[in-house]
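This report describes the chains, the salt bridges and the nonpolar cores of the model shown below.

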Amino acid sequence: MWRRSASFILDDERRRTSNSPPMADNTTRAPFQNPDAISAYYQTRAAHHGVITSDWLAQAQAAVGGGVSGEENSDSSVSELGKDKSFNVIEEFNGWRKQPDLAEAVAAIRALAAVIRASEASTMMELEIELKKASDTLKSWDKTSISLTAGCDLFIRYVTRTSALEYEDFNSAKSRLLERAEKFGEISCKARKIIAMLSQDFIFDGCTILVHGLSRVVLEILKTAAQNNKLFRVLCTEGRPDGTGVLLSNELSKLDIPVKLLLDSAVAYSMDEVDMVFVGADGVVESGGIINMMGTYQIALVAHSMNKPVYVAAESYKFARLYPLDQKDMAPALRPIEFGVKIPAKVEVEMSARDYTPPQYLTLLFTDLGVLSPSVVSDELIQLYL
Amino acid sequence: MESRRNPRAVVDPKVRQVGFFTSSQPDSTHQPDPIASESHPVASSISPSGNSLSPVMIPPPRHNSSDTFPLRAAAAAASAVSPSSFSYSTRRDFPDGSMTASPGRVSRASFSKPSSSLPGVGMDSMAAAKSSSVPASGLTTVSVVNMPPGLSEKESDQKKNSKPLKEKTTKAERRALQEAQRAAKAAAKAEGGKAPLVTSGSVASTNVKAAKPVKPSSQKNDVAVAAPGPSEKKGGQTEKDRKKDAPHPRMQYDDESRVVKAKRRAVVKQTEAKNRVELFRHLPQYEHGTQLPDLETKFFQLDPMHPAVYKVGLQYLSGDISGGNARCIAMLQAFQEVVKDYSTPSEKTLNRDMTAKISSYVSFLIECRPLSVSMGNAIRFVKNRIAKLPITLSESEAKAALQSDIERFINEKIIMADTVIVKHAVTKIRDGDVLLTYGSPTAVEMVLLHAHELKKKFRVLVVDSRPKLEGQLLLRRLIKRGISCTYTHINAVSYIMHEVTKVFLGASSVLSNGTVYSRVGTACVAMVASAFRVPVLVCCEAYKFHERVQLDSICSNELGDPNAISKVHGREDINYLDGLTNNANLQFLNLMYDATPSDYISMIITDYGMVPPTSVPVIVREYQKEHSLV
């Protein structure tokens, strides 16, 4: 059966051509790119997972601006490139990213807003070109991060989609653009709080929530629920290879929420006692489905077959103009997996770090635009991109 | 989304309403602007098989409320008369095609219809010259339905009920009517062929004349084909015959010239096929084959018809031009010719006269072949543009503006839309793919050819079906370019589906609930693909989207030539059914379109990008907004 899958043929070719397929892309990337085979996005995620534990947060608050960061080795090369520009968007970006609580896409949005502010362009066209260039730079920093790409694209569409562009006076148009940019940045920053507030109605006393992956939005939701004195308990999946389960359970136990850790394979076993499933999203695609950490699709399938609702908490800047038809229809994002023991050389390992969950298995999306059904994502995108 | 088990139902989650609720008016078909609205119902009224007619969109005749009473009584009577005429009026009233039935509901609905939109009508009458007429025809339908049975031995009560209508006719007209009908009856007894047609043609015209005072103005009814309906009605003697030959829903109109033209043509062609499937009686079906030579000889005689339009009509009739885009482009180019040769007659304004002319040409085209949805939308666009022409423009300027508008429509909405669709679709084709396609959709052909140019490695499976065998044309064109293809018939689709990776389909239209209205057989292919978990991608330009909703393939469709089914071309040995077309026990059904539910569609590729089927109403809404601004 798998002979008919296109991916089989692709894998075949890849194996035939060379032994280091992931390396092939790197040579074509821009110099300040991540030389490593591992997706930068997942590297930062791993780093951030380590970073956002509350102990660390406390330290970071004290030392904000001190330059502590979990960033990877691309920084040095980045700053070299940026020297020739008077205003370096990457520097700005990294500056924003130093705030540990901030999502990457939000940092990018803030950086782009700063580009507008610092721009010395005198015509709208020039400004738009500058924006485009800055956004391309940011996007190329990590090509596999959907939220980064989507955030940049949405920002540009949102900001330039105003009749203010037709004003004769460039300065007023620019200030209008800046206004919209700031607003977008504000919304994105506050997105998590809005989502947490919206989802409170769905968590009732005595419920059991299954959580997969370590999403800061979901964490925010659970924190808020605990603060509102709701009684509930959480089952976390182990989340190999990122180890998200352990981290999440640490956090939740600090909030005095009863937590139970599950093996990834024990999800179907425990699904009976679960009332709802909460996941975050790396990206929300046009069909209404989500791209998230590997294992989400599995859990959604099990939940759907047992009639349990699956709720996705995603900010609106994650809406991307992608439309995967199947699991292999996305840009690959690979992540090495530690098995603990040595794997023989002839054995292949599925290294993809994320999967696609089609919209029919999702119940609702909690976004800062409101509580949406999956078909609304396309509605929003059409309105913005029309 | 199906409802999930949620024991403690949330009190008031902030659920956002999207789709139809976010626009300022809940019914996007009800517009505050009557001018714009008129072109709306116009186009829909002139494409009977393609679009169902929503009575709420159609301004009712400019009656005072006293006339609604006869309508109601007549409707009640009509509903009592025969199921087919009854079903007709229900079809009129329920645009979504659901034929729920209770006489009370019919009359109530038809009663409310005029009253609810009366204020709008007042404005419409001022604007005039816009074709909108179907409720007028609704009235006429009822009246015509009533009058013939009123004369028969059985329905004396109908006579009583239709009396309020008849009060409007003068004595002389009524006498003329009776004589004509008596004559028709006698003639029909003698010969069941042409005579009733002719006499009934005259009867129809008198009928229409009688009905004329009932309806105030000469609002053009674009839907054609007059005489055969009433003729059959008059000719049919027994109750059963009368039921069988129920009046054709779209035959009544008030315009003299239209009736005459139809009568003239009715003698030549459009003899209603007698042997029809019960379920599809609401769709027109005619004897094919007789019209073409006659029409060809008449090429130089038809004064009111522009030769370009005539030519296009003949091409439709013979099947030379088929396919949504081709038909639409041919029609629009004919209209460009019309505009070029047009000169405003004295004492008429360009807007109104041009619109009237276009409507008459459209009705001719409908006689040749019912409109496709793409053509309906294009006609709506053209009429919209004509209506929006500023009065201050001189004739030549207006003509130039119109021509360039039509040119722009063709370029933007069809040609460039196709390039955008191709650009999106090729991103979904990967090396090693096995692509299945059905029939011969132009958009899909362009996608495949472009993907081949981009040196992608794939092979194509062309599925074909009788009687049109359109897939063979696609096959030839693909092979010429060197794409490796497999060809099979639709019987084998479940056999080969296991090796297919993607299915590309074309569409005649995509409706608001995501249903894809396409060549018959498409639904079959899509369902089998979905059962095999193969993604189904539909390529359709956005101008073909329509805001109506269709739940099945029955309520709105097109019937083709039954002889095409009975005869197998080139295989004399298996022509068992040849000559059985008129057998009373055997009915042939040659459907042209079918409706594929949205559950089987994975994505729709349009010039607005790749969207899920649930986003079609959004695009329709945005599209209309765009048009009202333009």
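## Salt bridges within chain A

Over all chains, the structure holds 33 salt bridges, and the model in which they are counted is a predicted one. One of them joins Arg117(A) to Glu182(A), with the closest N and O atoms 2.8 Å apart. This pair links distant parts of the chain, since Arg117(A) belongs to helix H7 (residues 104-118) of chain A and Glu182(A) to helix H10 (residues 170-199) of chain A, 65 residues apart. Both partners are partly exposed: Arg117(A) has a relative accessibility of 49%, and Glu182(A) has a relative accessible area of 32%.

Another salt bridge is formed by the side chains of Glu273(A) and Lys260(A), at 3.7 Å from N to O. Here too distant parts of the chain are linked, although the two residues are 13 residues apart: Glu273(A) sits in the loop between helix H13 (267-270) and strand S4 (276-279) of chain A, and Lys260(A) in strand S3 (residues 259-262) of chain A. Glu273(A) counts as partly exposed, at 33% relative accessibility, and Lys260(A) is likewise partly exposed, with a relative accessible area of 38%.

## A salt bridge between the chains

The side chains of Lys428(B) and Asp329(A) also meet in a salt bridge, with 3.1 Å between N and O. This pair crosses between chains, from the loop between helix H18 (395-426) and strand S1 (433-438) of chain B, which holds Lys428(B), to the loop between strand S7 (310-313) and strand S8 (354-357) of chain A, which holds Asp329(A). Are the two partners buried or exposed? Lys428(B) counts as buried because its relative accessibility is 5%, under the 20% limit, and Asp329(A) is buried as well, with a relative accessible area of 15%.

The pair does not stand alone, for Asp326(A), Asp329(A), Lys428(B) and Arg430(B) are linked in a network of salt bridges. In general terms, side chains of opposite charge can pair when their charged atoms come close.

## Nonpolar cores

Which residues have the most contacts inside the largest nonpolar core? In this core of 75 residues they are Leu332(B), Phe335(B) and Val503(B). Helix H16 (residues 350-368) of chain B gives the most to the core, contributing nine residues. Domain 1 (288-413) and domain 2 (428-571 + 578-627) of chain B both supply residues to this core, and therefore the core lies between them. When neighbours within four places in sequence are left aside, Leu332(B) is in contact with Ala378(B), Val382(B), Ile406(B), Phe409(B) and Ile410(B).

Apart from this core lies another, made up of 61 residues, and among them are Val115(A), Phe170(A), Leu177(A) and Leu384(A).

## Chain A: helix H12 and cysteines

In helix H12 (residues 244-254) of chain A, the buried residues are Thr244(A), Gly245(A), Leu247(A), Leu248(A), Ser249(A), Glu251(A) and Leu252(A), a list in which Glu251(A) appears beside Leu247(A), Leu248(A) and Leu252(A). The helix is followed by Asp256(A), whose phi is positive, near 65°.

The count of disulfides over all chains comes to zero. Two cysteines of chain A may be described individually: Cys152(A) counts as buried, at 0% relative accessibility, and Cys236(A) also counts as buried, at 1% relative accessibility.

## The two chains overall

Chain A has 15 helices and ten strands in its secondary structure, and 54% of its 386 residues count as buried. Among contacts in chain A between residues at least 6 apart in sequence, 75% join residues at least 24 apart. Chain A exposes about 17,200 Å², with carbon and sulfur atoms supplying 54% of that area.

For chain B, the secondary structure comes to 24 helices and ten strands, and of its 630 residues 57% count as buried. Of the contacts in chain B with a separation of 6 or more, 79% are accounted for by residues 24 or more positions apart. The accessible surface of chain B comes to about 25,900 Å², and 57% of this surface belongs to carbon and sulfur atoms.

Key
Residues are numbered from 1 along each chain as its sequence is written. Chains are lettered from A and ligands numbered from 1 in the order in which they are written. This is a predicted model: local features need pLDDT of at least 70, side-chain atom pairs count only at pLDDT 80 or more; totals for chains, interfaces and linings use all residues. Side-chain values use heavy atoms; hydrogens and water are left out. Helices (H or I, at least four residues) and strands (E, at least two) are DSSP runs, numbered from the N terminus. Buried means under 20% relative accessible area, exposed over 50%, partly exposed in between (1.4 Å probe, protein chains only). Contact means heavy atoms within 4.5 Å. Accessible areas come from the Shrake-Rupley method with a 1.4 Å probe; for residues, only the protein chains shown count as cover. A nonpolar core is a set of buried Ala, Val, Leu, Ile, Met, Phe, Trp, Tyr and Cys residues joined through side-chain atoms within 4.5 Å. Domain bounds come from an automatic or database domain assignment. A disulfide is a pair of cysteine sulfur atoms within 2.5 Å. A salt bridge is a side-chain nitrogen of Lys or Arg within 4 Å of a carboxyl oxygen of Asp or Glu.
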